[in-house]
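Here are my notes for your read-through. Keep the structure open beside you and look up each spot as you go.

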Amino acid sequence: MIKVDVRRKAFGEEEVLRAIRFEMETGETVAILGPSGIGKSTLLRLIVGIDTGFEGKITRPEKIAMVFQEPVLLPWRSVVENLTLVHPQLGTQAALSALERTGIADKAGLFPGQLSLGQQRRLALARAFAGRPELLVMDEPYVSLDPAMAEDMLSLTEALIAETAPAVILVTHSEAEARRLARRCLRLAGKPATIIEEFAAKPASDGWEGHHDRA
Ligand code: ADP
Ligand code: MG
């Protein structure tokens, strides 16, 4: 369903990614791990199709949602309009229940700037899932949250993934986060970056487990 084959991605002389290949099934969650600056966000931009300047081929579904490191919201639209304007097929009632599901229904009439950072992230999450994406891509969505809030967001994300069943790509530099949400983890390293290791995180029920060195 999702096939990533990035042979080479460079910015001018700087080669950032090389020979990154993996495939994903519907409903699968894959974590991409690697230190800051390695090329994770660059890879995500290729996967979702925002950046098309690379050598290789990516097969992706039609309906893609992305959650960024900093929540990207419409500042002069109300919380509920941040859902209904992005998903016109979603009625106000459905938008309100999406807000209810993420615990911010009482904020429906406020502007995003009137929400705490945690509430803004909940809104970004509600909006991403409300479109029932086939592929959900998350770029370090829990960075700069305190541990309790990160835990809240993690369990909310876990529940929404279980309910909505999209394919999910989670980019993070936290191995704990990766292991929590994804069964399959890919580790990026090197310059240019490539996948140096693939390992199973959650206990596998279908026999896929253990370490596989790909270096
Ligand atoms: P990560 O998300 O893992 O922290 P990035 O993908 O943001 O890493 O960046 C990887 C490398 O690519 C960095 O060296 C960064 O400076 C470079 N880079 C990212 N975007 C651009 C761009 N638009 N132009 C030039 N260099 C870029
Ligand atoms: Mg990044």
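1. Some vocabulary before we start: two strands pair if DSSP finds at least two bridges between them. With that in hand, look at strand β3 (residues 29-33) and β7, which run parallel and share five bridges. In this pairing, L33 sits opposite T172 of β7. One caution that goes for every point here: this is a predicted model.

2. Stay with β7, because there's another strand to look at. Strand β6 (residues 135-139) also pairs with β7 in the parallel sense, over five bridges. There, D139 is the residue standing opposite V171 in β7.

3. So is β7 enclosed or open? Six of the six residues of strand β7 (residues 167-172) are buried, so the strand is largely enclosed by the rest of the structure. Side chains in a regular strand alternate between the two faces of the sheet. You can follow that here: A167, I169 and V171 point one way, while V168, L170 and T172 point the other way, and all are buried.

4. Next, go to the start of the chain. Strand β1 (residues 2-11) and strand β2 (residues 14-24) pair in the antiparallel sense, with nine bridges. One pair to find on screen is D5 and its bridge partner in β2, R21. The two strands make a hairpin with two residues between them, and G12 in the turn has a positive phi of about 60 degrees.

5. Which residues are around ligand 1? They are F11, V16, G34, S36, G37, I38, G39, K40, S41 and T42. Helix α1 (residues 40-48) gives the largest share of this shell, with three residues. By class, the shell splits into three nonpolar, six polar and one charged.

6. Now zoom out to the domains. The protein is divided into domain 1 (2-63 + 134-213) and domain 2 (74-131). Notice that domain 1 is written as two stretches of residue numbers. Taken over C-alpha atoms, the centres of domain 1 and domain 2 are 25 Å apart. Their contact takes ten residues from domain 1 and seven residues from domain 2. On the domain 1 side, the largest share, six residues, comes from α5. That same side has seven nonpolar, two polar and one charged residues.

7. Helix α5 (residues 147-164) deserves a look of its own. With 18 residues, α5 reaches 25 Å from its first C-alpha to its last, close to the 26 Å expected at 1.5 Å a residue. Within helix α5 you'll find S155, which counts as exposed because it has 11 C-beta neighbours inside 10 Å. Try drawing a line from S155 to L181: they are 26 residues apart in sequence and 8.9 Å apart in space, C-alpha to C-alpha. Just after α5, A165 takes a positive phi of about 55 degrees.

8. Here are some backbone angles to check. Most residues other than glycine have a negative phi, and most peptide bonds are trans. R132 is not a glycine, yet its phi is positive, about 45 degrees. You'll find R132 in the loop between α4 (117-130) and β6. R132 has 14 other C-beta atoms within 10 Å, so it is partly exposed. S144 is not a glycine either, and has a positive phi of about 65 degrees. S144 lies in the loop between β6 and α5, and with 11 C-beta neighbours inside 10 Å it counts as exposed.

9. Which peptide bond is cis, with omega near -5 degrees? Go to the bond from K191 to P192. P192 is placed in the loop between β8 (184-189) and β9 (194-200).

10. Last stop: T84, in helix α2 (residues 79-84). Is T84 buried or exposed? The cut-off for buried is 20 or more other C-beta atoms within 10 Å, and T84 has 20, so it counts as buried. Leaving aside residues up to four places away in sequence, T84 touches L90, T92 and A95. For a longer distance to check, take T84 and V30: 54 residues apart along the chain, with their C-alpha atoms separated by 29 Å.

Conventions:
Residues numbered from 1 in each chain as written. Chains lettered and ligands numbered in written order. Predicted model: local features only at pLDDT ≥ 70, side-chain atom pairs only at ≥ 80, totals over all residues. Near = placed C-beta within 6 Å. Helix = DSSP H or I, 4+ residues; strand = E, 2+ residues; numbered from the N terminus. Nonpolar A, V, L, I, M, F, W, Y, C, P; charged D, E, K, R; others polar. Expected span 1.5 Å × (residues − 1). Domains from an automatic or database assignment. Contact = placed C-beta atoms within 7 Å. Buried ≥ 20, exposed ≤ 12 C-beta atoms within 10 Å, placed from the backbone.
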